[in-house]
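Subject: Structure handover

Hello,

Here is the structure we spoke about, with its sequence. My notes follow below it.

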Amino acid sequence: MIGAGAVGENAADRVVQGGLTAVLVEAELVGGECSYWACMPSKALLRPGTALHGAQAVPGASEAVTGTLDAAAVLKGRDSFTSHWQDTNQVEWVEGAGIELIRGRARITGERAVKVAGLDGDDYALTARHAVVLANGSTPSQPPVDGLSEVEYWGTREATSAKEVPKRLGVLGGGVAGTELAQAFARLGSAVTLVARSGLLRNFPAEAAELVAAGLRADGVELRVDTKTRSVHRNSDGSLTLSLDGGDTVTVDKLLVSTGRRPALDGLGLESVGLSASDGKPLAIRTDPTGLVAEAAGNGDGPWLYAVGDAAGKALLTHQGKYEARATGAAIAARAKGELRGEPEPWSRYAQTADEHAIPNVVFTDPELANVGRSLEQARKDGYNASSVELPIAVAGSSLHAKNYEGWAQLVVDEDRKVLLGATFAGPDVAELLHAATIAVVGEVPLDRLWHAVPSYPTISEVWLRLLEKYGL
Ligand SMILES: Cc1cc2nc3c(=O)[nH]c(=O)nc-3n(C[C@H](O)[C@H](O)[C@H](O)COP(=O)(O)OP(=O)(O)OC[C@H]3O[C@@H](n4cnc5c(N)ncnc54)[C@H](O)[C@@H]3O)c2cc1C
Ligand SMILES: NC(=O)c1ccc[n+]([C@@H]2O[C@H](COP(=O)([O-])OP(=O)(O)OC[C@H]3O[C@@H](n4cnc5c(N)ncnc54)[C@H](O)[C@@H]3O)[C@@H](O)[C@H]2O)c1
């Protein structure tokens with residue numbers, strides 16, 4: 001396994017559980033991006049603000065919570081969630097799971113052959129008996145903004161590990177990372193301006209994204225959407241000035257650039273197994289449902305090169321990468337034992353079938369945005385005879401949850417089979433509603449049976465009943 005992030009760890013674990021041996025090669029910290037610079041620290045920065053705002057929205061409790069966030073305590077809590085950027089516990093887990101660890105940077109030198117430049121100064125040449133798995137994550141993209149490469153700016157690593165809260169923070173990019181971190185820092189006390197060349201959270205239904213935008217505005221974030229950033233320059237006092245299309249400028253003390261990520265495929269030696277970039281585009285790979293890399297030399301004769309998680313580029317999310325890793329690890333072990341030949345059955349334990357139908361996504365802003373499966377547009381594009389039903393979330397559970405609760409929900413229905421293709425919820429604390437939708441999509445639960453899944457009264461889940469009623473059940 002090249003890369004000991006959450007995904008590599010899971011692939012190695014499954015392989016060992018399947019009776020094989022596994023070596024994890026890690027160039028930085030065991031646990032990867034999610035543990036130290038992504039999911040965990042960003043959620044640790046967001047959660048205190050959500051808890052405080054949640055209490056402030058409940059009459060009776062709001063009178064008791066009249067202060068603001070303690071930024072120093074929030075940063076301290078974040079430090080604890082990242083184990084102070086030490087991977088001792090994760091290394092213990094790896095050893096306990098019977099997995100070998102080599103610290104160093106790996107590259108592929110041929111079929112089943114990996115060379116590691118060890119952090120101890122030694123080189124290691126490894127030959128896999130069965131498989132090599134790319135689980136080495138993704139790298140941030142740098143947008144083509146004049147002057148950006150000449151100034152110091154924050155990526156998500158610097159933002160999630162920040163030791164201080166900047167007075168003025170600029171955020172470039174209106175995706176998930178930009179939106180979450182803009183709100184986290186606004187609530188910690190920064191004056192935040194978020195510049196997005198298109199809208200905010202464009203991959204989600206507009207009604208849901210608009211609720212998040214309203215939440216950010218309420219926290220004082222200045223949103224400059226549909227605005228291109230032309231250039232950036234550094235001023236003599238160290239601040240940075242962004243020049244926007246239309247002539248406006250924004251001056252900030254720190255600039256976070258969060259304009260997407262792509263699989264980290266450069267410098268991995270993939271050209272040695274016939275995989276190279278063409279037409280001036282970055283190298284891209286395709287994987288089958290077991291994670292097997294298409295067109296890698298030798299994969300046709302005896303499957304050996306797999307990619308999972310961010311490196312595979314199907315879904316840049318920890319939980320989905322770990323799911324891919326479980327399927328791939330199981331497939332490698334089964335192929336080694338001759339229990340699996342060719343492609344596996346969809347929805348079997350060797351196949352990453354949910355990647356095609358049900359990727360759950362939560363944006364941990366306040367309000368939250370939670371989504372699984374296909375949007376109406378995607379469903380129609382993919383050839384489904386799809387319809388949708390949507391509603392504001394206004395049930396007894398939501399009105400009890402917070403004063404002036406505002407939320408929105410949508411179900412996307414396959415009209416031919418009368419099953420759900422997707423669902424979206426936006427509103428305070430809707431993330432926990434998502435798994436019910438994921439189960440309904442993965443289980444292809446017929447709507448007339450879903451009707452019998454009665455939501456408890458008074459919970460926010462009662463919106464399910466309202467949606468099904470509006471659909472006509
Ligand atoms: C700010 C932010 C917040 C996020 N929040 C969430 C969230 O809340 N929920 C969620 O599901 N996802 C979230 N994500 C996405 C999530 O972090 C990734 O999907 C996840 O980390 C991918 O795991 P991975 O194991 O594939 O890659 P990584 O975690 O990147 O691990 C890859 C590992 O490979 C190592 N490596 C790379 N190249 C080599 C090499 N040549 N040799 C040896 N080792 C190598 C790296 O050092 C790294 O440790 C967030 C991302 C960001 C940026
Ligand atoms: N809660 C979560 O699960 C969570 C949180 C943060 C990040 N992530 C994952 O990490 C990955 C990276 O996050 P992200 O927000 O950087 O990526 P993203 O793909 O979600 O958003 C990137 C944003 O940058 C914009 N952009 C791209 N090029 C630009 C340019 N040249 N100028 C201006 N804007 C530009 C895009 O329009 C988009 O709005 C995502 O794939 C996401 O799935 C997940």
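To begin with a single residue: Asp 226 counts as partly exposed because it has 13 C-beta neighbours inside 10 Å. The burial classes used throughout are: buried for 20 or more other C-beta atoms within 10 Å of a residue's own, exposed for 12 or fewer, and partly exposed in between, with C-beta atoms placed from the backbone. Asp 226 has a positive phi of about 50° although it is not a glycine. Asp 226 sits in the loop between β9 (222-224) and β10 (229-234). Helices (H or I, at least four residues) and strands (E, at least two) are DSSP runs, numbered from the N terminus.

Before the rest, the conventions. This is a predicted model, in which local features need pLDDT of at least 70 and side-chain atom pairs count only at pLDDT 80 or more, while totals for chains, interfaces and linings use all residues. Residues are numbered from 1 along each chain as its sequence is written, and chains are lettered from A and ligands numbered from 1 in the order in which they are written.

Other backbone points

Asn 404 is another residue other than glycine with a positive phi, near 55°. Asn 404 lies in the loop between α12 (396-401) and β19, and it is exposed because 6 other C-beta atoms lie within 10 Å. There are also cis peptide bonds to look at. One runs from Asp 366 to Pro 367, with omega near 5°; Pro 367 is in the loop between β16 and β17 (368-373). Another joins Tyr 457 and Pro 458, with omega about -5°; Pro 458 is in the loop between α14 (447-450) and α15.

Helix α15

Helix α15 covers residues 463-471, and Val 463, Trp 464 and Leu 467 in it are buried. These residues are on the same side of α15 because they cover an arc of only 105° around the axis, the arc being that of the directions from the helix axis to the C-beta atoms. Their cover includes β18 (386-392) and β19 (408-414). Just after α15, Gly 472 takes a positive phi of about 125°.

The chain as a whole

The protein chain has 15 helices and 20 strands. Its C-alpha atoms fill a box of roughly 65 × 65 × 45 Å along the principal axes. The radius of gyration is 24 Å, which agrees with the value near 23 Å for a compact globule of 473 residues; this radius is taken over C-alpha atoms, and the globule rule is 2.2 Å times the number of residues to the power 0.38. Of the 473 residues, 46% count as buried. Of the contacts with a separation of 6 or more, 66% are between residues 24 or more positions apart. Two residues are in contact if their C-beta atoms, placed from the backbone, lie within 7 Å.

The core

The largest nonpolar core has 133 residues, and those with the most contacts inside it are Met 1, Val 133, Ala 135, Val 212, Tyr 306 and Val 308. The largest share of this core, eight residues, comes from α7. A nonpolar core is a set of buried Ala, Val, Leu, Ile, Met, Phe, Trp, Tyr and Cys residues joined through C-beta atoms within 7 Å. Not counting residues up to four places away in sequence, Tyr 306 touches eight residue positions: Ala 131, Val 133, Leu 134, Gly 291, Leu 292, Val 293, Thr 328 and Ile 332.

The ligands

Around ligand 1 there are 37 residues, the closest being Gly 3, Gly 5, Gly 32, Gly 137 and Gly 309. A residue is near a molecule if its C-beta atom, placed from the backbone, lies within 6 Å of it. Elements that each supply at least two residues of this shell include α1 (6-17), β1 (23-26), α3 (39-56) and α9 (318-336). By class the shell has 18 nonpolar, 13 polar and six charged residues. Here Ala, Val, Leu, Ile, Met, Phe, Trp, Tyr, Cys and Pro count as nonpolar, Asp, Glu, Lys and Arg as charged, and the others, Gly among them, as polar.

Ligand 2 is surrounded by 23 residues, with Pro 143, Gly 173, Gly 175, Ala 177 and Leu 316 the closest. Helix α7 gives the largest share of that shell, four residues. The shell divides into 11 nonpolar, eight polar and four charged residues.

Regards
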